Amino acid sequence: DTIEARWIAVTGIAIVVAGAIIFTQIHVTTSLALLAGALFIAGLGHGTVLPPAMGASYQGMPKPEIPAATATYNVVIRVGSSFGTAALAVVLQQAIRSRIPGATGGLSGAAALHGEQARAALTSAFGVSFWWVAAIAAIAIIPAALIPSKHGTSGKHGIPT
C-alpha cells in the first residue's frame, strides 16, 4: 500500500511493452533461451498489471457489490482478451500475405512453404504483429495512469503524505 496501484500497473505495462519489443527483433536464428526470456518478461509484466488494477477497482466499493463487480471484471477481461487476440491474428495474417506471395491462406498457407526465405518472411510477419502488441500496450499506460489514488492526495511516487 505504500506505492499506489496506478504506478505498479504502469510499470507492469512498461514491462509488457519491453517484452513485446524483444519479440519484434526475432529472426530465424533467434535462440529459444531469448524467446523464453522475452516470454518471461512479458508474463512478469502481465502479472504486475492485473492484481493492483483489480484491487484498486474494488477500493471504496460496498462489500455486497464486490461479487457482481468481480464477475463483471472477469467478463470484461475475457472479452477484451478474445477481441485482442482476434485483431492480432488478422494483423499477422495480413503481414504474412504481404511478405510471402504464395501464402494465400495466411499462416496455414505459409506453413506449406519451405526454405530459408519463407521462414525469414514468416518471422518478419510475427515481428510486425508484436509491434502492434507493443503499441497497444503502450497506449494502455494512459488509462492505467488514471487509476484513482487510494488516499486522495499523495506525495512523491504516490506515497501518502
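Which helices are included in what covers the buried residues of α1? In this predicted model, the cover includes α2 (32–58), α5 (116–139) and α6 (141–145). Helix α1 itself spans residues 5–24, and two of its residues, Trp7 and Thr24, are described below.

**Helix α1**
- The helix has 20 residues and reaches 29 Å from its first C-alpha to its last.
- That span is close to the 28 Å expected at 1.5 Å a residue.
- Buried residues of α1 include Ala5, Arg6, Ala9 and Val10 in the early part of the list, followed by Gly12, Ile13, Val16 and Val17.
- Gly19, Ala20, Phe23 and Thr24 are buried as well.

**Trp7 and the surface patch**
- Trp7 lies in α1.
- Its relative accessibility is 36%, so Trp7 counts as partly exposed; the partly exposed class lies between the buried limit of under 20% and the exposed limit of over 50%.
- Together with Ile3 and Ile8, Trp7 makes a nonpolar surface patch of about 260 Å².

**Thr24**
- Thr24 also has its place in helix α1.
- Thr24 counts as buried because its relative accessibility is 10%, and buried means under 20%.
- The side chain of Thr24 reaches the backbone oxygen of Ile21 at 2.5 Å.
- Leaving aside residues up to four places away in sequence, Thr24 touches Gly127, Phe130 and Trp131.
- Helix α5 (116–139) is among the elements that cover the buried residues of α1, and Thr24 is one of those buried residues.

Note on methods
Residues numbered from 1 in each chain as written. Predicted model: local features only at pLDDT ≥ 70, side-chain atom pairs only at ≥ 80, totals over all residues. Heavy atoms only, no water. Patch = residues over 30% accessible without salt bridge, like charges linked within 9 Å, V, L, I, M, F, W, Y side chains within 5 Å. Areas by Shrake-Rupley, 256 points an atom, 1.4 Å probe, with all protein chains shown as cover. Salt bridge = Lys/Arg side-chain N within 4 Å of Asp/Glu carboxyl O. Helix = DSSP H or I, 4+ residues; strand = E, 2+ residues; numbered from the N terminus. Buried < 20%, exposed > 50% of the residue type's maximum accessible area, 1.4 Å probe, protein only. Polar contact = N/O pair within 3.5 Å; in protein donor to acceptor, adjacent residues only side chain to side chain. Contact = heavy atoms within 4.5 Å. Expected span 1.5 Å × (residues − 1).
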